Amino acid sequence: MNTVLKIFLSMSFSGGLLILALLLAKRFLKDNISRQWQYYIWLVVVLRLVLPFGPEVSLLGKAYQAAGQAIAQTAPLPPQQPSRATPITGIEADNENEDLPTEDLTTAFPFQDMKASLANHIWLVWLVAAFGLLIRKITIYQGFIRYIKAGLTAVSDIELLDRLSIVAGQSGIKKPIELCVNPLVSSPLLIGFFHPCIVLPSTDIPEKNLQYIFLHELTHYKRRDMFYKWLVQLTACLHWFNPLVHLMNREITKACEFSCDEAVLAKMGSGNAQDYGKTLLDAMAAVGRYKEKLETVSLSGNKKLLKERIRAIMNFKKKSTAAHFLTGVLTLCVIFIAVSVGIYPVAATTGRTTGKLQVAEGKNTKQGKTGTSSKDYASQAKRYYKAGSMPLFEIAFSRLNEKSQKNWLKKLYADGDFAFFSAAVRGLDKNSPLFAKFTKKAYADEEIAFFSIFTDCMEDAELELWLDRAMEDGNWAFQSMLFDKLGRDGELDKLEKKQEKESAEAQTAQYRAIGVSMDGKDYYYKNQLVNIFLDIRPNKSFYTLNINPKGTVNIKIVRNKNNKITGAAYMTEAEVAELLGDMDDPDDKADMEIIPVNFKKIASGKTIFLGEYTLSRGDKIWYDISAKTGRGMKVFFTKGKQKDTVYWSVHNLRQPGEPLKCTADFTVGPPAKPGTYKLYLKATNGALGNVTGNISLALTDAS
């Protein structure tokens, strides 16, 4: 079943419990608590029904966990039918191979895909019904408003308008309120969300009654009761399948009028209760010509409700201090229940939890709590894997013996199946040696995506240890990910700037030691301005080429196989010709940097930093990079960190029968502003192999 629908079902269940609790409390407390509290406390229930949030540990979360374990332990497996073995490749052959998937489930479960498809799309039925009900309510309301406005006449009696203005001022309402007459309405009512209008059935109303009517309708407006009612209508549409929500809807409609009556009498004084009750009776005498919709706020109601309101009005009295204290306690209790019940645990399906859905502690690896053997658990794991059911696969995996778990982890790792690998890791015992073993393997292989799965299950102390190791190894990609996991992005920024500054200073010092100095982007060798400056790394992963036509000498930096600078040498004419080829355009020679790309492997999700460059308006950028293996590659510039806004980005996916390439050219210009940018290359969809090519920058004179 779709996760969204599960969440709404759990919200509906939680809200239903709250509705029952409030109805029970109302029955026992009756008139001992404020009517306004009885009206507004329903907001807690409404919020529980519409907000899909809850604490990590809740009653529903524990119930879901217990139900999942009970189902996995007691539910019979689908019958196995004989079929020809179709072994899954990529798993070591050993004595436990009988625990690995060896059957084709397509023939064993002919209806499983159909059932899964229906379960995964049942949410559409819920959504269509909810949307249809909401459209119906809106249509009915619009029809009613058109009916009202068709016979609407603005009141021009200055005396009536002055009375309305005085009552509005006394109520603290500064916004102008319209006053109209429509003889087709059964009683005074208020319409308009943002442009309020009080509609009277007639202007022939006694002055005292008119004051109560104005005060009643303005109280509705001041409290924004129409917005409250429409929020309730939306909630009822979303939870159309829950009869308790519709019962709550009716209770809120009643409580709205009771609380408004109480607010009016609190302002006017209990001595006016009899006159106010008579106003209600006079309004009720006209009921029958048109039945107002529940989305409006009117003075009258049905006869049964009116009888209750009259009795409440006659018995009105201010609540005591004890009643206020009781109200506060009840409010805290309702909020506590709403939070404690919680909702369906979303993390159980997304896999972003630190906990694990496991069987009871101390289980025997060969014999489960229900007497199921290791072979049976292996069979379950095979079936759930084939069927694509990660939660059940996780449970079955947690009951396998260590050797079978190891084989599964190897297979999923080799296949690059991040989703099921994540489920398997969650199914591992926290003290399992496999956890540490595969964490080290992912780090050594620079598989940052797999490594990230393990970090989701680590405490901060363990993350700190891995960060120390990444810092010691100079592994920038893992440092970035671990800083992010620890919520210390600010430290990463400072460290990155420090490393870049130290690297630049070290480079400058090395150049200076062999007689090369820099002045901005100009290079000097033995006090002579350099025309062509070339610095190639031994592995050809990166080099710097700077061309200044004003220079008089051409030099190259000499490095040993350990990348250490050993000196500088003048370039021969043959070397210059080979480097520049047939470049005749003087603009191309003005100031060019070529960044060659040559990587044997780039791990999935890893981002390679290719340097920092100062770009000006009119500069040219060329990408020409290809990868022999891999599914996706991206090359881009940013102003800061790799997750910031990107510029001049190319992101390509491998197409069937075609090589994976990023080729494009750009000219620096608006909206990008001149400045310093960082260049990155990223393996976006799986690991990349044999990545080669170059990135060329033709830089104009910034001055």
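Over residues 582–590 of this predicted model, pLDDT stays under 50. The model nevertheless gives this stretch ten contacts beyond four places in sequence. A second such stretch is found at residues 287–294, where the pLDDT is below 50. For the chain, the mean pLDDT is 77, and 75% of the residues reach 70 or more. Residues 287–294 have 22 contacts in the model beyond near neighbours in sequence. Where pLDDT is low, the predicted coordinates should not be read in detail.

Strand 12 covers residues 592–602. Eight of its eleven residues are buried, so strand 12 is largely enclosed by the rest of the structure. Its pairing partner is strand 19, residues 688–698, and the two run in the antiparallel sense over ten bridges. Within this pairing, proline 596 stands opposite asparagine 694 of strand 19.

Burial is also found in a helix. Helix 19, residues 418–427, is mostly covered, with eight of its ten residues buried. The buried residues of helix 19 are Phe420, Phe421, Ser422, Ala423, Ala424, Val425, Arg426 and Gly427. This set includes the aromatic residues Phe420 and Phe421 as well as the charged residue Arg426.

The surface has a nonpolar patch formed by Leu47, Leu51 and Phe53. Together these three residues have about 310 Å² of accessible area. Leucine 47 lies in helix 3, which spans residues 42–50. Leucine 47 counts as partly exposed because its relative accessibility is 42%, a value between the 20% limit for buried and the 50% limit for exposed.

Definitions and conventions
Residues numbered from 1 in each chain as written. Predicted model: local features only at pLDDT ≥ 70, side-chain atom pairs only at ≥ 80, totals over all residues. Heavy atoms only, no water. Buried < 20%, exposed > 50% of the residue type's maximum accessible area, 1.4 Å probe, protein only. Helix = DSSP H or I, 4+ residues; strand = E, 2+ residues; numbered from the N terminus. Pairing = 2+ DSSP bridges. Patch = residues over 30% accessible without salt bridge, like charges linked within 9 Å, V, L, I, M, F, W, Y side chains within 5 Å. Areas by Shrake-Rupley, 256 points an atom, 1.4 Å probe, with all protein chains shown as cover. Salt bridge = Lys/Arg side-chain N within 4 Å of Asp/Glu carboxyl O. pLDDT = per-residue confidence, 0-100. Contact = heavy atoms within 4.5 Å.
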